[in-house]
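Thanks for sharing this one. Here are a few notes to read alongside the model, in the order I would go through them.

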Number of protein chains: 2
Amino acid sequence: MNRFLSHATNRIDAKGRVSVPSSFRGVLAKLDIRELYCFQDFVFPAISAGGPELLDRFERQIAGEDPFSPQANEMSLLIHGGGVFMKLDQEGRLMVTDFIRDFTGITNEVTFVGRADHFQLWAPQVFQEAQAAARQERRLRGLRPG
Amino acid sequence: MNRFLSHATNRIDAKGRVSVPSSFRGVLAKLDIRELYCFQDFVFPAISAGGPELLDRFERQIAGEDPFSPQANEMSLLIHGGGVFMKLDQEGRLMVTDFIRDFTGITNEVTFVGRADHFQLWAPQVFQEAQAAARQERRLRGLRPG
DNA sequence: TGGGACCATATGGGGGTCAATGGGATTTGG
DNA sequence: CCAAATCCCATTGACCCCCATATGGTCCCA
(Lines give C-alpha, C1' and ligand atoms only; values in the text may rest on other atoms or scores of the structure.)
Protein backbone atom coordinates (compact mmCIF):
# COMPACT_ATOMS: atom_id res chain seq x y z
CA MET A 1 0.00 0.00 0.00
CA ASN A 2 1.34 3.41 -0.94
CA ARG A 3 -1.27 5.69 0.58
CA PHE A 4 -2.98 6.24 3.90
CA LEU A 5 -6.34 4.53 4.02
CA SER A 6 -9.01 3.52 6.49
CA HIS A 7 -9.30 4.40 10.15
CA ALA A 8 -8.42 2.75 13.45
CA THR A 9 -8.69 3.72 17.10
CA ASN A 10 -5.86 3.19 19.60
CA ARG A 11 -5.49 3.85 23.30
CA ILE A 12 -3.21 6.44 24.88
CA ASP A 13 -1.04 4.86 27.59
CA ALA A 14 -0.11 6.19 31.03
CA LYS A 15 2.84 8.05 29.56
CA GLY A 16 0.73 9.85 26.98
CA ARG A 17 1.86 7.77 24.00
CA VAL A 18 -0.24 6.15 21.27
CA SER A 19 0.70 3.58 18.63
CA VAL A 20 0.41 4.74 15.03
CA PRO A 21 -1.33 1.89 13.15
CA SER A 22 1.07 -0.53 11.54
CA SER A 23 -0.33 0.00 8.06
CA PHE A 24 0.32 3.75 8.33
CA ARG A 25 3.87 3.13 9.53
CA GLY A 26 4.30 0.89 6.50
CA VAL A 27 3.34 3.77 4.21
CA LEU A 28 5.71 6.11 6.03
CA ALA A 29 8.53 3.62 5.56
CA LYS A 30 7.68 3.16 1.90
CA LEU A 31 7.72 6.91 1.30
CA ASP A 32 10.86 7.20 3.42
CA ILE A 33 9.22 9.69 5.79
CA ARG A 34 11.17 9.89 9.06
CA GLU A 35 9.77 13.09 10.48
CA LEU A 36 6.11 14.08 10.53
CA TYR A 37 4.85 17.55 9.69
CA CYS A 38 1.71 17.97 11.80
CA PHE A 39 -0.75 20.83 11.45
CA GLN A 40 -4.25 21.81 12.45
CA ASP A 41 -6.69 20.86 9.70
CA PHE A 42 -8.33 23.79 7.88
CA VAL A 43 -11.83 22.34 8.02
CA PHE A 44 -12.18 19.80 10.81
CA PRO A 45 -11.03 19.69 14.45
CA ALA A 46 -8.28 17.20 13.61
CA ILE A 47 -4.50 17.17 13.42
CA SER A 48 -3.15 16.27 9.98
CA ALA A 49 0.22 14.55 9.64
CA GLY A 50 2.39 13.81 6.64
CA GLY A 51 5.86 14.16 5.22
CA PRO A 52 7.81 17.44 5.07
CA GLU A 53 6.87 17.81 1.40
CA LEU A 54 3.36 18.69 2.61
CA LEU A 55 4.76 21.87 4.08
CA ASP A 56 6.72 22.50 0.90
CA ARG A 57 3.52 22.26 -1.08
CA PHE A 58 1.78 24.77 1.17
CA GLU A 59 4.69 27.16 0.89
CA ARG A 60 4.63 26.90 -2.89
CA GLN A 61 0.92 27.70 -2.72
CA ILE A 62 1.75 30.85 -0.77
CA ALA A 63 4.59 31.77 -3.11
CA GLY A 64 2.10 31.87 -5.95
CA GLU A 65 0.35 34.80 -4.33
CA ASP A 66 1.32 38.36 -3.52
CA PRO A 67 3.57 37.85 -0.46
CA PHE A 68 2.11 40.91 1.27
CA SER A 69 -1.50 40.01 0.67
CA PRO A 70 -3.80 39.24 3.60
CA GLN A 71 -4.36 35.77 2.09
CA ALA A 72 -0.66 34.87 2.14
CA ASN A 73 -0.33 36.26 5.63
CA GLU A 74 -3.30 34.25 6.81
CA MET A 75 -2.09 31.05 5.16
CA SER A 76 1.30 31.38 6.82
CA LEU A 77 -0.39 31.94 10.16
CA LEU A 78 -2.06 28.55 9.75
CA ILE A 79 0.63 26.34 8.25
CA HIS A 80 3.57 27.82 10.13
CA GLY A 81 1.95 28.94 13.36
CA GLY A 82 -0.32 25.90 13.47
CA GLY A 83 2.29 23.36 12.42
CA VAL A 84 4.95 21.33 14.19
CA PHE A 85 7.43 18.54 13.41
CA MET A 86 7.17 15.31 15.39
CA LYS A 87 8.91 11.92 15.48
CA LEU A 88 7.79 8.40 16.32
CA ASP A 89 9.59 6.40 19.01
CA GLN A 90 11.24 3.07 18.30
CA GLU A 91 7.94 1.14 18.62
CA GLY A 92 6.15 3.52 16.28
CA ARG A 93 4.39 5.49 18.98
CA LEU A 94 3.60 9.19 19.05
CA MET A 95 3.50 11.54 22.05
CA VAL A 96 0.05 13.07 22.35
CA THR A 97 0.95 16.61 23.36
CA ASP A 98 -1.32 19.44 24.47
CA PHE A 99 -0.91 20.86 20.97
CA ILE A 100 -2.87 17.83 19.77
CA ARG A 101 -5.27 17.51 22.69
CA ASP A 102 -6.37 21.13 22.78
CA PHE A 103 -7.26 21.32 19.10
CA THR A 104 -8.95 17.93 18.76
CA GLY A 105 -10.54 17.25 22.13
CA ILE A 106 -8.62 13.96 22.34
CA THR A 107 -8.44 12.57 25.89
CA ASN A 108 -7.57 8.87 26.16
CA GLU A 109 -8.14 7.42 22.68
CA VAL A 110 -7.11 8.51 19.20
CA THR A 111 -8.79 7.67 15.91
CA PHE A 112 -6.27 7.62 13.07
CA VAL A 113 -7.85 8.47 9.72
CA GLY A 114 -6.17 7.90 6.36
CA ARG A 115 -6.35 10.74 3.82
CA ALA A 116 -4.33 9.33 0.92
CA ASP A 117 -1.16 11.47 1.13
CA HIS A 118 -1.44 12.14 4.88
CA PHE A 119 -3.35 10.94 7.91
CA GLN A 120 -5.24 12.58 10.73
CA LEU A 121 -5.72 12.33 14.48
CA TRP A 122 -9.29 12.69 15.71
CA ALA A 123 -11.24 12.31 18.91
CA PRO A 124 -13.19 9.09 18.14
CA GLN A 125 -16.62 10.53 18.85
CA VAL A 126 -15.97 13.65 16.80
CA PHE A 127 -14.82 11.59 13.82
CA GLN A 128 -17.93 9.41 13.91
CA GLU A 129 -20.16 12.46 13.87
CA ALA A 130 -18.26 14.33 11.17
CA GLN A 131 -18.32 11.31 8.89
CA ALA A 132 -22.02 10.75 9.46
CA ALA A 133 -22.67 14.43 8.73
CA ALA A 134 -20.64 14.30 5.51
CA ARG A 135 -22.56 11.25 4.38
CA GLN A 136 -25.86 12.90 5.19
CA GLU A 137 -24.94 16.04 3.30
CA ARG A 138 -23.97 14.07 0.21
CA ARG A 139 -27.28 12.29 0.29
CA LEU A 140 -29.21 15.53 0.51
CA ARG A 141 -27.32 16.95 -2.43
CA GLY A 142 -27.97 13.80 -4.40
CA LEU A 143 -24.29 13.50 -5.23
CA ARG A 144 -22.45 10.29 -5.84
CA PRO A 145 -18.77 9.73 -6.20
CA GLY A 146 -17.78 8.09 -9.47
CA MET B 1 -20.07 -14.63 -15.22
CA ASN B 2 -18.18 -11.36 -15.21
CA ARG B 3 -20.28 -9.35 -12.77
CA PHE B 4 -21.61 -9.69 -9.26
CA LEU B 5 -25.20 -10.93 -9.24
CA SER B 6 -27.77 -12.28 -6.80
CA HIS B 7 -27.48 -12.55 -3.03
CA ALA B 8 -26.60 -15.21 -0.46
CA THR B 9 -26.34 -15.42 3.30
CA ASN B 10 -23.45 -17.11 5.13
CA ARG B 11 -22.64 -17.69 8.77
CA ILE B 12 -19.80 -16.05 10.70
CA ASP B 13 -17.64 -18.63 12.51
CA ALA B 14 -16.21 -18.52 16.02
CA LYS B 15 -13.15 -16.62 14.80
CA GLY B 16 -15.22 -13.93 13.13
CA ARG B 17 -14.72 -15.13 9.54
CA VAL B 18 -17.28 -15.58 6.78
CA SER B 19 -17.03 -17.33 3.40
CA VAL B 20 -17.48 -15.08 0.37
CA PRO B 21 -19.88 -16.91 -2.00
CA SER B 22 -18.07 -19.00 -4.56
CA SER B 23 -19.70 -17.22 -7.51
CA PHE B 24 -18.41 -13.87 -6.26
CA ARG B 25 -14.93 -15.32 -5.81
CA GLY B 26 -15.16 -16.52 -9.38
CA VAL B 27 -15.84 -12.97 -10.59
CA LEU B 28 -12.95 -11.66 -8.51
CA ALA B 29 -10.64 -14.24 -10.10
CA LYS B 30 -11.90 -13.42 -13.58
CA LEU B 31 -11.29 -9.69 -13.05
CA ASP B 32 -7.94 -10.50 -11.42
CA ILE B 33 -8.91 -8.70 -8.22
CA ARG B 34 -6.64 -9.86 -5.39
CA GLU B 35 -7.30 -7.12 -2.88
CA LEU B 36 -10.71 -5.69 -2.02
CA TYR B 37 -11.36 -2.00 -1.57
CA CYS B 38 -14.17 -1.89 1.00
CA PHE B 39 -16.00 1.28 1.95
CA GLN B 40 -19.06 2.39 3.83
CA ASP B 41 -21.91 2.82 1.38
CA PHE B 42 -23.10 6.42 0.95
CA VAL B 43 -26.77 5.54 1.17
CA PHE B 44 -27.38 2.23 2.92
CA PRO B 45 -25.92 0.72 6.11
CA ALA B 46 -23.85 -1.70 4.04
CA ILE B 47 -20.18 -2.21 3.23
CA SER B 48 -19.39 -2.12 -0.48
CA ALA B 49 -16.45 -4.11 -1.84
CA GLY B 50 -14.75 -4.10 -5.21
CA GLY B 51 -11.42 -3.79 -6.97
CA PRO B 52 -8.90 -1.02 -6.32
CA GLU B 53 -10.04 0.77 -9.48
CA LEU B 54 -13.16 1.74 -7.53
CA LEU B 55 -10.99 3.93 -5.34
CA ASP B 56 -9.17 5.29 -8.38
CA ARG B 57 -12.49 6.37 -9.82
CA PHE B 58 -13.40 8.19 -6.60
CA GLU B 59 -10.04 9.93 -6.48
CA ARG B 60 -10.38 11.14 -10.04
CA GLN B 61 -13.69 12.66 -8.96
CA ILE B 62 -11.90 14.53 -6.17
CA ALA B 63 -9.04 15.63 -8.40
CA GLY B 64 -11.54 17.58 -10.48
CA GLU B 65 -12.21 19.92 -7.55
CA ASP B 66 -10.16 22.54 -5.72
CA PRO B 67 -7.95 20.43 -3.44
CA PHE B 68 -8.35 22.90 -0.58
CA SER B 69 -12.13 23.11 -0.76
CA PRO B 70 -14.28 21.80 2.05
CA GLN B 71 -16.10 19.62 -0.51
CA ALA B 72 -12.92 17.81 -1.53
CA ASN B 73 -11.94 17.46 2.12
CA GLU B 74 -15.32 15.98 2.95
CA MET B 75 -15.26 13.57 0.04
CA SER B 76 -11.80 12.36 1.07
CA LEU B 77 -13.08 11.86 4.62
CA LEU B 78 -15.60 9.36 3.26
CA ILE B 79 -13.64 7.43 0.64
CA HIS B 80 -10.25 7.44 2.36
CA GLY B 81 -11.23 7.55 6.02
CA GLY B 82 -14.24 5.31 5.41
CA GLY B 83 -12.44 2.84 3.16
CA VAL B 84 -10.21 -0.17 3.78
CA PHE B 85 -8.27 -2.68 1.76
CA MET B 86 -8.97 -6.27 2.75
CA LYS B 87 -7.84 -9.67 1.61
CA LEU B 88 -9.53 -13.06 1.57
CA ASP B 89 -7.81 -15.95 3.31
CA GLN B 90 -6.77 -19.07 1.48
CA GLU B 91 -10.27 -20.57 1.73
CA GLY B 92 -11.93 -17.41 0.39
CA ARG B 93 -13.06 -16.12 3.74
CA LEU B 94 -13.21 -12.54 4.98
CA MET B 95 -12.59 -11.27 8.50
CA VAL B 96 -15.67 -9.47 9.77
CA THR B 97 -14.01 -6.64 11.68
CA ASP B 98 -15.62 -4.02 13.91
CA PHE B 99 -15.26 -1.66 10.97
CA ILE B 100 -17.86 -3.81 9.21
CA ARG B 101 -20.00 -4.70 12.23
CA ASP B 102 -20.37 -1.18 13.57
CA PHE B 103 -21.54 0.26 10.29
CA THR B 104 -23.85 -2.54 9.17
CA GLY B 105 -25.22 -4.01 12.39
CA ILE B 106 -23.96 -7.45 11.30
CA THR B 107 -23.69 -9.90 14.21
CA ASN B 108 -23.49 -13.60 13.24
CA GLU B 109 -24.63 -13.76 9.62
CA VAL B 110 -23.78 -11.80 6.48
CA THR B 111 -25.90 -11.31 3.36
CA PHE B 112 -23.72 -10.82 0.28
CA VAL B 113 -25.44 -8.75 -2.40
CA GLY B 114 -24.21 -8.45 -5.98
CA ARG B 115 -24.13 -4.96 -7.51
CA ALA B 116 -22.61 -5.62 -10.94
CA ASP B 117 -19.12 -4.11 -10.55
CA HIS B 118 -18.97 -4.61 -6.78
CA PHE B 119 -20.80 -6.44 -4.03
CA GLN B 120 -22.07 -5.53 -0.60
CA LEU B 121 -22.20 -6.90 2.93
CA TRP B 122 -25.51 -6.46 4.77
CA ALA B 123 -27.14 -7.57 7.97
CA PRO B 124 -29.70 -10.08 6.59
CA GLN B 125 -32.71 -8.47 8.23
CA VAL B 126 -31.72 -4.97 7.13
CA PHE B 127 -31.27 -6.14 3.53
CA GLN B 128 -34.71 -7.75 3.47
CA GLU B 129 -36.32 -4.58 4.69
CA ALA B 130 -34.41 -2.24 2.40
CA GLN B 131 -35.26 -4.35 -0.63
CA ALA B 132 -38.91 -4.51 0.37
CA ALA B 133 -38.96 -0.76 0.88
CA ALA B 134 -37.41 -0.14 -2.54
CA ARG B 135 -39.96 -2.42 -4.14
CA GLN B 136 -42.78 -0.64 -2.35
CA GLU B 137 -41.56 2.75 -3.44
CA ARG B 138 -41.42 1.69 -7.08
CA ARG B 139 -44.92 0.35 -6.86
CA LEU B 140 -46.25 3.62 -5.50
CA ARG B 141 -44.64 5.55 -8.32
CA GLY B 142 -46.05 3.13 -10.85
CA LEU B 143 -42.59 2.36 -12.14
CA ARG B 144 -41.29 -0.93 -13.37
CA PRO B 145 -37.71 -1.98 -13.87
CA GLY B 146 -36.71 -2.61 -17.46
C1' DT C 1 -35.86 -44.59 -10.34
C1' DG C 2 -33.26 -45.14 -6.34
C1' DG C 3 -28.75 -45.64 -4.24
C1' DG C 4 -24.19 -44.44 -3.81
C1' DA C 5 -19.70 -42.53 -5.34
C1' DC C 6 -17.76 -38.19 -6.19
C1' DC C 7 -16.96 -33.27 -5.97
C1' DA C 8 -17.28 -28.44 -4.65
C1' DT C 9 -18.33 -25.34 -1.13
C1' DA C 10 -18.95 -24.00 3.48
C1' DT C 11 -17.33 -24.49 8.14
C1' DG C 12 -14.29 -25.70 12.27
C1' DG C 13 -10.07 -25.28 14.76
C1' DG C 14 -4.61 -25.67 15.95
C1' DG C 15 -0.83 -23.00 16.19
C1' DG C 16 2.59 -19.51 14.68
C1' DT C 17 3.42 -14.58 13.95
C1' DC C 18 3.11 -9.83 14.56
C1' DA C 19 1.07 -5.55 16.29
C1' DA C 20 -0.61 -3.05 20.33
C1' DT C 21 0.25 -2.20 24.95
C1' DG C 22 2.47 -1.89 29.65
C1' DG C 23 6.19 -0.68 32.43
C1' DG C 24 11.17 -0.58 34.21
C1' DA C 25 15.63 1.56 33.03
C1' DT C 26 18.37 5.18 31.00
C1' DT C 27 19.24 9.45 28.89
C1' DT C 28 18.33 14.26 27.85
C1' DG C 29 17.26 19.02 28.57
C1' DG C 30 16.26 22.93 31.37
C1' DC D 1 19.39 17.93 39.92
C1' DC D 2 14.73 17.00 38.68
C1' DA D 3 11.16 16.08 35.25
C1' DA D 4 10.15 14.48 30.98
C1' DA D 5 11.21 12.05 26.94
C1' DT D 6 13.21 7.93 24.92
C1' DC D 7 15.10 3.21 24.90
C1' DC D 8 14.42 -1.52 25.72
C1' DC D 9 12.09 -5.72 26.93
C1' DA D 10 7.86 -8.48 28.34
C1' DT D 11 3.02 -9.64 27.82
C1' DT D 12 -1.23 -10.09 25.56
C1' DG D 13 -4.32 -10.84 22.09
C1' DA D 14 -5.77 -10.57 17.20
C1' DC D 15 -5.08 -12.19 12.67
C1' DC D 16 -3.55 -15.50 9.16
C1' DC D 17 -1.54 -19.92 7.27
C1' DC D 18 -2.69 -24.53 7.11
C1' DC D 19 -5.22 -28.79 7.41
C1' DA D 20 -9.48 -31.35 8.78
C1' DT D 21 -14.50 -32.06 8.67
C1' DA D 22 -19.38 -31.26 7.36
C1' DT D 23 -22.92 -30.49 4.00
C1' DG D 24 -25.36 -30.58 -0.06
C1' DG D 25 -25.70 -31.35 -4.88
C1' DT D 26 -24.79 -33.93 -9.29
C1' DC D 27 -23.77 -37.68 -12.04
C1' DC D 28 -23.52 -42.46 -13.05
C1' DC D 29 -25.09 -47.01 -13.08
C1' DA D 30 -27.78 -50.96 -11.75
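1. Let's begin with the fold. Reading along the sequence, the order of elements in chain A is β-β-α-β-β-α-α-β-β-α-β-β-α. That gives the chain five helices and eight strands. Do keep in mind that this is a predicted model.

2. Next, the overall dimensions. Chain A has a radius of gyration of 16 Å, which agrees with the value near 15 Å that a compact globule of 146 residues would have. Along the principal axes, the C-alpha atoms of chain A occupy a box of roughly 45 × 40 × 30 Å.

3. On packing, 30% of the 146 residues in chain A are buried. Among contacts in chain A with a separation of 6 or more, 62% join residues that are 24 or more positions apart.

4. How are the two copies related? Chain A superposes on chain B with an RMSD of 0.5 Å, after a rotation of 23 degrees and a shift of 14 Å along the axis. The copies meet through different surfaces, because only 6% of the interface residues of chain A are also interface residues in chain B.

5. Finally, the DNA. Which residues come nearest to DNA strand D? Of the 13 around this strand, they are Asp89(A), Gln90(A) and Met95(A), together with Asp89(B) and Met95(B). Sorted by class, the surface near DNA strand D consists of seven charged, four polar and two nonpolar residues.

Definitions and conventions:
Residues are numbered from 1 along each chain as its sequence is written. Chains are lettered from A and ligands numbered from 1 in the order in which they are written. This is a predicted model: local features need pLDDT of at least 70, side-chain atom pairs count only at pLDDT 80 or more; totals for chains, interfaces and linings use all residues. A residue is near a molecule or strand if its C-beta atom, placed from the backbone, lies within 6 Å of it. Ala, Val, Leu, Ile, Met, Phe, Trp, Tyr, Cys and Pro count as nonpolar, Asp, Glu, Lys and Arg as charged, and the others, Gly among them, as polar. Copies are superposed by least squares on the C-alpha atoms of residues with pLDDT of at least 70 in both. Two residues are in contact if their C-beta atoms, placed from the backbone, lie within 7 Å. Helices (H or I, at least four residues) and strands (E, at least two) are DSSP runs, numbered from the N terminus. The radius of gyration is taken over C-alpha atoms; the globule rule is 2.2 Å times the number of residues to the power 0.38. A residue is buried if 20 or more other C-beta atoms lie within 10 Å of its own, exposed if 12 or fewer, and partly exposed in between; C-beta atoms are placed from the backbone.
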